[in-house]
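Biologist: I've got a pile of "why is this called that" questions for you. Can we go through them with the model open?

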Amino acid sequence: SVVRRLKAESIGIKKMEVGLGIHGEPGARTEAMAPAKAIVEMLMEGLATGRSSKGRPEPTDGLICMINNLGGVPPQQMSIL
């Protein structure tokens, strides 16, 4: 079943959700808003932690991370990342 928010909820001023679902479900966690560089570092750390927790070896040629906002963020903001 799809989990959706039934009412508008506020996460507070200067806060952001990390790991937001595609059907309006809440993020994995709420963080203080941060500059784009810090957000990218936070996301990449999460990916690296997930890889190592599953026993995957370190990649020799780097990683590729594809970001899809599914239309929820204006193109100007997405182009920053």
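Modeller: Sure, and let's start with a definition: helices are DSSP runs of H or I with at least four residues, and strands are runs of E with at least two. On that basis the chain has two helices and two strands. Keep in mind that this is a predicted model.

Biologist: What order do the elements of the chain run in, from the N terminus on?

Modeller: They go β-β-α-α.

Biologist: What makes S1 and S2 a pair?

Modeller: A pair needs at least two bridges found by DSSP. Four bridges join S1 to S2 (residues 29-32), so the two strands count as paired, and they run antiparallel. Within that pairing, Met 16 sits opposite Glu 31 of S2. As for the faces of S1, Met 16 and Val 18 are on the covered one, while Lys 15 and Glu 17 are on the uncovered one.

Biologist: How do you know that Glu 31 forms a salt bridge with Arg 29?

Modeller: The cut-off is 4 Å between a side-chain nitrogen of Lys or Arg and a carboxyl oxygen of Asp or Glu. For Glu 31 and Arg 29 the closest N and O atoms are 2.7 Å apart, which is within 4 Å, so the contact qualifies. A search of the whole structure turns up one salt bridge.

Biologist: Are those two residues buried or exposed?

Modeller: In between. Partly exposed runs from the 20% limit for buried to the 50% limit for exposed. Glu 31 has a relative accessible area of 25%, so Glu 31 is partly exposed. Arg 29, at 39%, gets the label partly exposed too.

Biologist: And why is Lys 14 called exposed?

Modeller: Exposed means over 50%, and Lys 14 has a relative accessible area of 62%, so the label follows. Lys 14 lies in the segment before strand S1 (15-18). Its phi is near 60°, a positive value in a residue other than glycine.

Biologist: What lets Val 40 into the nonpolar patch?

Modeller: Patch residues need over 30% relative accessible area. Val 40 has 32%, so Val 40 clears that bar while still counting as partly exposed. Val 40 lies in helix H1 (residues 36-53). The patch also includes Met 44, Leu 47 and Leu 63, and its members together have about 580 Å² of accessible area.

Biologist: How much of the chain counts as buried?

Modeller: Of its 81 residues, 6%, meaning they fall under 20% relative accessible area. The accessible surface of the chain comes to about 6,900 Å², with 58% belonging to carbon and sulfur atoms.

Technical notes: Residues are numbered from 1 along each chain as its sequence is written. This is a predicted model: local features need pLDDT of at least 70, side-chain atom pairs count only at pLDDT 80 or more; totals for chains, interfaces and linings use all residues. Side-chain values use heavy atoms; hydrogens and water are left out. Patches are made of residues with over 30% relative accessible area and no salt bridge: like charges are joined within 9 Å, nonpolar side chains (Val, Leu, Ile, Met, Phe, Trp, Tyr) within 5 Å. Accessible areas come from the Shrake-Rupley method with a 1.4 Å probe; for residues, only the protein chains shown count as cover. Buried means under 20% relative accessible area, exposed over 50%, partly exposed in between (1.4 Å probe, protein chains only).
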